[in-house]
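User: Hi! I'd like to walk through this protein with you, one question at a time. Could you help me read it?

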Amino acid sequence: DAERRAAAGPKIDAATERTLAVSRTVIDRALAATTRDGRPIAPAQLVVTGHSQGGFVAQILAAERGLAAVTFNAPGAQHYRADLRGPQIRNITRQNDLFGRMGKHIGQTVVVEDLPFSFETDVLHGKLYLMRNHSMTELTTTLKAAGR
């Protein structure tokens, strides 16, 4: 039962809906803004991004507003609304990240190898491997090292 729920994606609760409502307002204000010389900001100039739950929200907003997005270790958001599409959305996730591999992503998914397990770092120094694997800092370090 837990596996089935994880495959469907995270639960949408009142806090998530509030976050989405506030984020929609921010995006809509950005789209209504103008540059210093008075020109409107084109949707192509905006890229929505987020890590973990923030990436979940970014997928939904980008798909709803037709914006580009890049998410990191975010759960998939396709179950939020089945009609949402986002070929302009790229989801970067670790191979076995607990959150990033949950649910179906809106847009494309790029899978990055997991960090190597280190007995010294992950056991002796009390750092939890799963948290290190989910870390935005560790993920960007891996992407930089791979030249991505």
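User: Which side chain makes a polar contact with the side chain of H134?

Analyst: Happy to help! A polar contact here is a pair of N or O atoms within 3.5 Å, where one must be able to donate a hydrogen and the other to accept it, and residues adjacent in sequence count only if both atoms are side-chain atoms. For the side chain of H134, such a pair is found at 2.7 Å, and the partner is the side chain of D97.

User: Before we go on, what kind of model is this, and how are residues numbered?

Analyst: Residues are numbered from 1 along each chain as its sequence is written, and side-chain values use heavy atoms, with hydrogens and water left out. The model is predicted: local features need pLDDT of at least 70, side-chain atom pairs count only at pLDDT 80 or more, and totals for chains, interfaces and linings use all residues.

User: Is H134 buried or exposed?

Analyst: Buried means under 20% relative accessible area, exposed over 50%, and partly exposed in between (1.4 Å probe, protein chains only). H134 is found in helix α5, residues 129-134. Its relative accessible area is 7%, so H134 is buried.

User: Which residues does H134 touch, not counting residues up to four places away in sequence?

Analyst: Touching means a contact, with heavy atoms within 4.5 Å. Leaving out residues up to four places away in sequence, H134 touches H51, S52, N73, D97 and F99.

User: Which residue caps the N-terminal end of helix α6?

Analyst: Helices (H or I, at least four residues) and strands (E, at least two) are DSSP runs, numbered from the N terminus. Helix α6 covers residues 136-145, and a side-chain oxygen lies 3.2 Å from the backbone nitrogen of T137. That oxygen belongs to the capping residue, S135.

User: Which helix gives the most to the largest nonpolar core?

Analyst: A nonpolar core is a set of buried Ala, Val, Leu, Ile, Met, Phe, Trp, Tyr and Cys residues joined through side-chain atoms within 4.5 Å. The largest one has 18 residues, and L20, V48 and I60 are among those with the most contacts inside it. Both α2 (14-32) and α3 (53-65) supply at least two residues of this core. With seven residues, the helix that gives the most is α3.

User: And how many helices and strands are in the protein chain?

Analyst: From the N terminus on, the elements run α-α-β-α-β-β-β-α-α-α. Of the 148 residues in the chain, 36% count as buried. The tally of elements is six helices and four strands.
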